[in-house]
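Work through the exercises below with the model open. Try each task before you read its solution.

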Amino acid sequence: MKRLLCILALAALAAAAPLRAASDDEVAARKLALEIAGAFSNDGFKLRDGNWCGKFEPGKPALVQVNLYAGNQYWFTVGAGEAAKKIAVTVFDENGKLVATEPYADAAVAAAGFAPKNSGPYYLRVEVTEGAPAAFCLIYSYR
Amino acid sequence: MTPISRIFVSGLAAVCLCASAAGEATPLTPEEISGAARTDELSIPMPGEFMASLNKVAKIDWSKLARLAIGTNYSSRPQNALNLGGLIADGYVAIEAEDAPQIKSIGKDILVISKNLGLSKEVLERGSSIINFADQKQWDQLKEELEATQNEVKAGMAERKDDDLVTLVTVGGWLRATEVMSGYIAKNYSDGGARLLRQPGIVALLNKRLEKLGEKTQEDAVVATVRKKMAGLEKFTAFPLDKPPTAEELKQLSSLISEIMKDITKKQTK
């Protein structure tokens with residue numbers, strides 16, 4: 001039942017109209033990210049409905065600020081279009097220092113798990129490490 | 001084995017590659033930090049995240065943190081938007097309290113204000129889902145539904161080129177969540193609780209958004225008051241990592257936010 005609800009919730013999220021029209025590549029990237037994030041949901045992580053989608057290319061990573069709370073656990077999951085063969089998501093603290101995370105990567109999807117010690121702003125960098133320019137979509141879950 | 005464990009076992013080789021790539025990462029430059037994207041959908045946390053963190057430092061009776069029902073017939077669109085954001089945050093409080101009747105009542109109020117803003121189409125379906133999930137006591141699904149409701153309302157506003165209202169929904173939601181949290185921590189002070197209120201990135205981002213509101217929106221009396229008082233919040237939420245606010249400072253923060261919330265819910269005289 002829980003799995004069914006999760007699938008229904010993911011389907012609703014995938015179908016929800018974003019603030020701007022998404023390309024097919026972007027929709028595929030979001031679907032990939034949601035598939036992995038679904039596994040985290042089964043472990044009690046709540047998936048945020050919001051996402052950050054765009055385009056990236058090798059050597060030109062994209063960076064976004066998030067604001068996190070100490071004590072929570074987070075998973076940041078990024079999916080990419082098929083032209084990206086390998087991608088990565090990296091977390092930095094407010095001073096730009098690399099933060100150690102539990103990484104996951106499998107071709108055009110990558111995730112980083114992290115429990116901040118301090119509340120405040122953090123930065124997520126998503127990048128293509130192998131492949132061609134593609135769309136990406138980043139989502140996050142927390143518990 | 002949990003699903004997450006399965007992911008890690010099956011992706012071990014890939015994990016090693018990723019970990020090694022991360023190990024080589026150089027720190028971000030100040031230019032990269034200032035140029036990072038800041039978006040409503042990702043950079044502003046939902047009230048549920050804030051509340052989840054507080055649940056880890058204290059056992060809270062969330063039912064005591066609910067507020068009395070607010071009005072739903074404000075004459076100005078900006079004030080409606082601010083209160084819509086606040087109501088969504090109230091929904092999270094009711095979910096934490098596992099109070100189904102309260103959630104249903106808030107769901108109905110969200111619908112009324114959305115209709116006032118011409119957005120009933122966007123939230124009608126969500127409204128009935130909220131009621132169904134509340135009847136079935138599906139609290140986690142309710143949190144996702146509330147966020148989805150907020151995002152659909154904002155998408156509807158953006159479609160109608162009402163970007164100012166998008167900002168005001170966000171501001172109203174953050175203010176109400178912070179009112180609840182700061183009020184609780186001020187009354188039940190702990191070092192860990194006080195540290196949760198460190199949110200310099202959010203306050204700076206919201207203040208920037210408020211500065212960019214259109215002239216007509218800025219002329220709204222409630223918006224003008226919120227803008228003015230929001231500027232005073234930064235000093236309470238931008239404290240250094242090793243200097244959390246004292247109980248007295250938290251009382252000041254709580255009192256300032258409560259004042260702003262009173263301004264937001266007060267009916268304007270024409």
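**Exercise 1. Find out how well strand E8 of chain A is covered, and which strands pair with it.**

Step 1. Locate E8(A) at residues 120-131. Strands (E, at least two residues) and helices (H or I, at least four) are DSSP runs, numbered from the N terminus.

Step 2. Count the buried residues. Buried means under 20% relative accessible area, exposed over 50%, and partly exposed in between (1.4 Å probe, protein chains only). Nine of the 12 residues of E8(A) are buried, and the strand is mostly covered.

Step 3. Look for partners. Two strands pair if DSSP finds at least two bridges between them. Strand E3(A), residues 62-68, runs antiparallel to E8(A), with seven bridges. Here Ala62(A) lies opposite Val126(A). Strand E5(A), residues 84-92, is also antiparallel to E8(A), and eight bridges link the two. Lys86(A) has Glu130(A) as its bridge partner.

Step 4. Put the strands in order. They make an open, antiparallel sheet of three strands, E3-E8-E5 in chain A. E3(A) and E5(A) are the edges, each with a single partner strand, so one side of each has no neighbour in the sheet. From one strand to the next, the twist averages 25 degrees. For such angles, axes are lines fitted to C-alpha atoms (for helices over the stretch in contact), and angles run from 0 to 180 degrees between N-to-C directions.

The source notes fit here. This is a predicted model, in which local features need pLDDT of at least 70 and side-chain atom pairs count only at pLDDT 80 or more, while totals for chains, interfaces and linings use all residues. Residues are numbered from 1 along each chain as its sequence is written, chains are lettered from A and ligands numbered from 1 in the order written, and side-chain values use heavy atoms, without hydrogens and water.

**Exercise 2. Sort the residues of strand E7 of chain A by the way they point, then list its partners.**

Step 1. Recall the rule. In a regular strand the side chains alternate between the two faces of the sheet.

Step 2. Apply it to E7(A), residues 109-114. Val109(A), Ala111(A) and Gly113(A) point one way. Ala110(A), Ala112(A) and Phe114(A) point the other way. All are buried.

Step 3. Add the partners. Strand E4(A), residues 74-80, pairs antiparallel with E7(A) through six bridges. Strand E6(A), residues 102-106, is antiparallel to E7(A) too, with five bridges. Gly113(A) is the bridge partner of Trp75(A) and of Glu102(A).

Step 4. Check the turn. E6(A) and E7(A) form a hairpin with two residues between them. In that turn, Ala107(A) has a positive phi of about 55 degrees.

**Exercise 3. Describe chain A as a whole, then its contact with chain B.**

Step 1. Count the elements. Chain A has two helices and nine strands. The order from the N terminus is α-α-β-β-β-β-β-β-β-β-β.

Step 2. Check burial. Of its 143 residues, 60% count as buried.

Step 3. Turn to the interface. Contact means heavy atoms within 4.5 Å. Chain A gives 51 residues and chain B gives 57 residues.

Step 4. Find the salt bridges. One needs a side-chain nitrogen of Lys or Arg within 4 Å of a carboxyl oxygen of Asp or Glu. There are four between chain A and chain B. Lys46(A) forms a salt bridge with Asp140(B), where the closest N and O atoms are 3.9 Å apart.
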